[in-house]
Amino acid sequence: MSSRRNFLQKLTLSAVSIPFIPGFETKSMNVMNQKPDQSTLLRVAIMGLGSYGTRVAEAMVDSKKAKLVGLISGTPSKITAWQAKYNIPEKNCYNYENFDAIKDNPDIDAVYIITPNALHHPQTLRVAAAGKHVICEKPMALNAREGREMVEACKNAGVKLLVGYRMHFEGNTLEVIRMREAGAFGEVKFFQGLSGFKIGDPTQWRLNKELAGGGAMMDIGIYSVNGARYMVGEEPEWVTAQETKTDPVKFKEGVDETIMFQFGFPSGVVASCLSTYSMSNLDRFFLNGTEGYAEMQPSTGYGPIKGKTHKGPLDKPHITHQTVQMDRMAEIILEGDTAQVPVDGEEGLKDLIIIDTIYKAVKTGKKERIKLG
């Protein structure tokens, strides 16, 4: 079965040395050198024990500030297997019907929701009501309305809502952002984001509008949406978009196969992006300015992220993305730290507002204003 997870999976390499990058290597050096302190670990239950949940769990084995302590799944056999592998006690295991009982479990601090998109909203509301912090995979919800309700629910419950934007902690990504902020590219003029792969099994949930909320845009296109924002360093003001569908049997009504979309930013920067389920080898970001450029390919895969700028190769060391993500999120939740590129619910909501507007632009054929306020 082909999926975004398979498309993104790359060879994992080990880091040897950590040079200084503000906002990344200092934290990563701490991650590498500090010994776990059980009293300050973020104790996490994973909800959804599928392929990506497995990846997160394996990455957390090397985490210094976060620990897998609980499981939530609708498949008893998965819970049994994970209990044995990760030494999870029975009292920390739940199914989708009874996980509200985590409110009475002091050994769980946060729940990482890694389930189909349509479940993010109701599950987040339940986790927040149980008084636990929420880490939710992207897209955060099916639409901006649901996203707002999630942000409000977590705020009212006094818990944090974070979104699984692992790229916001990745070394080469942060180096490009640092260079752009330092003016290394001059005046930024253009961004291109290409995100796509050939999807397989036509019966999978990612091709079910009720579960996915759309098609390629919700699954893989969100990388170019979010990447355009952090690479350019501005929020888009308008969008135009065009949809192409070559297989209406596989890609039913409301499930997009390919969408091309264009952004306009306040400074005059323009972006051209592609989201598709029908073409492979598309994982590329390109940023162009008056004094230089940055090119990344792969730009959002599991790593290593590779690329170059006009000054030479991007060569920051690769550390498993989910390990760094979970350590940094532990610092955000437990220590009140902040991320250089936000990973909170408000960040996730912005992407949902933009995606809603992209779908609107596809239908109207017009330039649509993006209202993030």
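**Exercise 1. The chain as a whole**

What does the accessible surface of the chain come to, and what percentage of it belongs to carbon and sulfur atoms?

*Solution.* The structure is a predicted model, in which local features need pLDDT of at least 70 and side-chain atom pairs count only at pLDDT 80 or more, while totals for chains, interfaces and linings use all residues. Residues are numbered from 1 along each chain as its sequence is written, and side-chain values use heavy atoms, with hydrogens and water left out. The accessible surface, computed by the Shrake-Rupley method with a 1.4 Å probe, comes to about 15100 Å², and 52% of it belongs to carbon and sulfur atoms. Of the 373 residues in the chain, 58% are buried, where buried means under 20% relative accessible area, exposed over 50% and partly exposed in between. The chain holds eleven helices and 15 strands, which are DSSP runs numbered from the N terminus (helices: H or I, at least four residues; strands: E, at least two).

**Exercise 2. Two cis peptide bonds**

Find the loop in which P139 lies, and then the loop that holds P304.

*Solution.* Begin with the peptide bond from K138 to P139, which is cis with omega near -10°; P139 lies in the loop between strand 5 (133-136) and helix 6 (144-157). Next, take the cis peptide bond that joins G303 and P304, with omega about 0°; P304 is found in the loop between strand 12 (293-296) and strand 13 (307-309).

**Exercise 3. Two asparagines with positive phi**

Decide whether N87 is buried or exposed, and do likewise for N281.

*Solution.* N87 is not a glycine, yet its phi is positive, at about 55°, and this residue sits in the loop between helix 4 (76-86) and strand 3 (93-94). Because its relative accessibility is 67%, N87 counts as exposed. N281, also not a glycine, has a positive phi of about 60° and lies in the loop between strand 10 (270-276) and strand 11 (282-289). Its relative accessibility is 69%, so N281 counts as exposed.

**Exercise 4. A pair of helices**

Work out how helix 3 and helix 10 are oriented to each other.

*Solution.* Helix 3 (residues 51-60) packs against helix 10 (residues 321-335) at an angle of about 70°, with their axes 8 Å apart. Since angles of 65 to 115 degrees count as roughly perpendicular, the two helices are therefore roughly perpendicular to each other. The contact (heavy atoms within 4.5 Å) is made by Y52, R55, V56, A59 and M60 of helix 3 and by Q322, T323, Q325 and M326 of helix 10.

Note on methods
Buried < 20%, exposed > 50% of the residue type's maximum accessible area, 1.4 Å probe, protein only. Axes fitted to C-alpha atoms, helices over the stretch in contact; angles between N-to-C directions. Parallel < 35°, antiparallel > 145°, perpendicular 65-115°, else oblique.
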